[in-house]
Amino acid sequence: MKKIMFMLILASVIISCKTVKPAADKNAVTLDGKIEKIEMSTFQYGTHLLKKDGKSYALRTSTIKLDNFTNKDVIVKGVKVEGYPLENGPELIDVKGITVK
């Protein structure tokens, strides 16, 4: 009888648990353009720039070697980093994925 009660309680606990999906990140972005390595700039963040139609975005990542995509047209998926832009610089994007067009 104890075993049946335990199984019933366990089953009700499992059934009552919900899988919670995180809300979509409001800072998630998908951008396309050409990647350039930052040489000299007035701002001091990011390692590369994504340029498209006269607008620039500073890029950073700890998982992707952006040098492999220099001077290529790409699609970048990432997250806007809060607190940027600084001192009239570009928005900073933490790159999570990249594909060549």
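Asp 53 is found in the loop between β2 (48–52) and β3. In this predicted model, the phi angle of Asp 53 is near 50 degrees, a positive value in a residue other than glycine. The strands on either side of that loop, β2 and β3, run antiparallel and are joined by 5 bridges. They belong to a closed barrel of 5 strands, in the order β1-β2-β3-β5-β4, with mixed pairing.

**Barrel and strand pairing**

- From one strand of the barrel to the next, the twist averages 55 degrees.
- Between β2 and β3, Lys 52 stands opposite Lys 55, a residue of β3.
- β1 and β4 pair in the antiparallel sense over 7 bridges, and Asp 32 stands opposite Ile 75 of β4.
- β4 also pairs with β5, in the antiparallel sense and over 7 bridges; the bridge partner of Val 79 in β5 is Asp 94.

**Nonpolar cores**

- The largest nonpolar core has 14 residues, of which Ile 35, Leu 50, Leu 59, Val 74, Val 76 and Ile 98 touch the most other members.
- Two or more residues of this core come from each of β1 (28–37), β3 (55–60), β4 (73–80) and β5 (91–100).
- A second, separate core consists of 7 residues, including Phe 43, Tyr 45, Leu 49 and Ala 58.
- Val 74 belongs to the largest core. Leaving aside neighbours within four places in sequence, Val 74 is in contact with Leu 31, Asp 32, Gly 33, Ile 35, Leu 50, Phe 69, Ile 98, Thr 99, Val 100 and Lys 101.
- Among these contacts of Val 74, Ile 35, Leu 50 and Ile 98 are also listed with the core residues that touch the most other members.

**Loop residues with positive phi**

- Asp 53 counts as exposed because its relative accessibility is 73%, and the cut-off for exposed is over 50%.
- Asn 71 lies in the loop between β3 and β4 and has a positive phi of about 65 degrees, although Asn 71 is not a glycine.
- Asn 71 likewise counts as exposed, because its relative accessibility is 54%.

**Pro 85 and the β4–β5 loop**

- Pro 85 lies in the loop between β4 and β5, and the peptide bond from Tyr 84 to Pro 85 is cis, with omega near 10 degrees.
- The relative accessible area of Pro 85 is 44%, so this residue is classed as partly exposed, a class that lies between the limits of 20% and 50%.
- Leaving aside neighbours within four places in sequence, Pro 85 is in contact with Tyr 45, Pro 90 and Glu 91. One of these partners, Tyr 45, is a member of the second core.
- The C-alpha atoms of Pro 85 and Phe 43 are separated by 9.1 Å, and the two residues are 42 residues apart along the chain. Phe 43 is also a member of the second core.

**Glu 91**

- Glu 91 has its place in strand β5, and its side chain makes a polar contact with the side chain of Lys 80 (3.4 Å).
- Apart from neighbours within four places in sequence, Glu 91 is in contact with Lys 55, Ser 56, Tyr 57, Ala 58, Lys 80 and Pro 85.
- Of these partners, Ala 58 is included in the second core, Lys 55 is the β3 residue opposite Lys 52, and Pro 85 is the residue that follows the cis peptide bond.

Note on methods: Residues are numbered from 1 along each chain as its sequence is written. This is a predicted model: local features need pLDDT of at least 70, side-chain atom pairs count only at pLDDT 80 or more; totals for chains, interfaces and linings use all residues. Side-chain values use heavy atoms; hydrogens and water are left out. A nonpolar core is a set of buried Ala, Val, Leu, Ile, Met, Phe, Trp, Tyr and Cys residues joined through side-chain atoms within 4.5 Å. Buried means under 20% relative accessible area, exposed over 50%, partly exposed in between (1.4 Å probe, protein chains only). Helices (H or I, at least four residues) and strands (E, at least two) are DSSP runs, numbered from the N terminus. Contact means heavy atoms within 4.5 Å. Two strands pair if DSSP finds at least two bridges between them. A polar contact is a pair of N or O atoms within 3.5 Å; within protein, one must be able to donate a hydrogen and the other to accept it, and residues adjacent in sequence count only if both atoms are side-chain atoms. Axes are lines fitted to C-alpha atoms, for helices over the stretch in contact, and angles run from 0 to 180 degrees between N-to-C directions.
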